[in-house]
Amino acid sequence: MNNTLKTILLTVLTLSVFAIALIELSGISSTALYNKYGVGSPSKPNADDQAKKDEEVKALPKTSIEVLETKFDFGKINEGDKVRHTYMVKNIGTNPLVISNVQVSCGCTAPFFPKDPIKPNATGEITLEFNSAGKFGKVDKNALIIANADNAPFSIGFLAEVDKK
C-alpha cells in the first residue's frame, strides 16, 4: 500500500471519529436521529430510570397545567410524511411545572418537551412529531404529559387521515 492511500484512509478514519465525537458531545440522541432522518434504530430510555424520575417529579409541590388545544387534526397526509404540531402548555399554578416525560403510544410519534421548569403563569411548548411511514387510514394518537401537576397525567393528541402514495 503506498503512502498516499494510507494518508487518505487515515484522514477518512480521523474525520469519522471526529464526527462521531461531535454527535455524542452535542447531545443528539439516537431517537432524534431516527425520527428525523431514519438513521439507526429508535432507542428507549431505561424504563426503571424513567419510572424513578417520574415518581420524583410527581412528589414535587403541585401545580396545574392548561393546554388550550388538546387534540390537533392534521387532516389528509401522504404515507411517509413526517408532520409535527406544537402544543402550548401553560403553568396556571403557583409552583414551577416540571415535565418529566411525555409518553407516546408507539414509535411512530416522537415527543419534544422542555427539560427546564416552567414558571407560574409562563408557557412552554410540547411538540409531537408523527412519522406516517407504514400507516394507512385514520390515525388517532395520544400522549400523556407526566408532570408535578394535580391534573397530570394530562392527555394531548392528534388525528390524521393517511393516504397511500
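**Exercise 1. Determine which residue of S6 stands opposite Met88, and place the two strands in their sheet.**

Solution. Met88 stands opposite Glu125 in S6. The model is predicted, with local features requiring pLDDT of at least 70 and side-chain atom pairs pLDDT 80 or more, while totals for chains, interfaces and linings use all residues. Residues are numbered from 1 along each chain as its sequence is written, and side-chain values use heavy atoms, without hydrogens and water.

Step 1. Strand S3 (residues 82-91) pairs with S6 in the antiparallel sense over 9 bridges. Strands are DSSP runs (E, at least two residues), numbered from the N terminus, and two strands pair if DSSP finds at least two bridges between them.

Step 2. The sheet is open, has 4 strands in the order S1-S3-S6-S5, and its pairing is antiparallel. Strand S1 (65-67) and strand S5 (109-112) each have a single partner strand, so one side of each lacks a neighbour in the sheet.

**Exercise 2. Find the bridge partner of Asn101 in S7 and describe the sheet concerned.**

Solution. Step 1. Asn101 has Ile146 as its bridge partner in S7. S4 and strand S7 (residues 137-147) are antiparallel to each other and share 5 bridges.

Step 2. The order of this open sheet of 4 strands is S2-S8-S7-S4, with mixed pairing. At its edges stand strand S2 (71-78) and strand S4 (99-104), each with a single partner strand, so one side of each is left without a neighbour in the sheet.

**Exercise 3. State how many aromatic pairs a search of the whole structure finds, and characterise two of them.**

Solution. Step 1. The search finds 3 aromatic pairs. Rings of Phe, Tyr and Trp (its six-membered ring) pair if their centres lie within 6.5 Å; planes under 30 degrees apart count as stacked, over 60 as edge-to-face and the rest as tilted.

Step 2. Phe72 and Phe74 form an edge-to-face pair, 4.9 Å centre to centre with 80° between the planes. Phe72 is partly exposed, at a relative accessible area of 21%, whereas Phe74 is buried, at 15%. Buried means under 20% relative accessible area, exposed over 50%, and partly exposed in between (1.4 Å probe, protein chains only).

Step 3. The ring centres of Phe130 and Phe158 are 5.2 Å apart and the planes lie at 50°, so this pair is tilted. Phe130 lies in strand S6 (residues 123-131) and Phe158 in strand S8 (residues 154-163), 28 residues apart. Both Phe130 and Phe158 are buried.

Step 4. Phe72, Phe74, Phe130 and Phe158 form one aromatic cluster.
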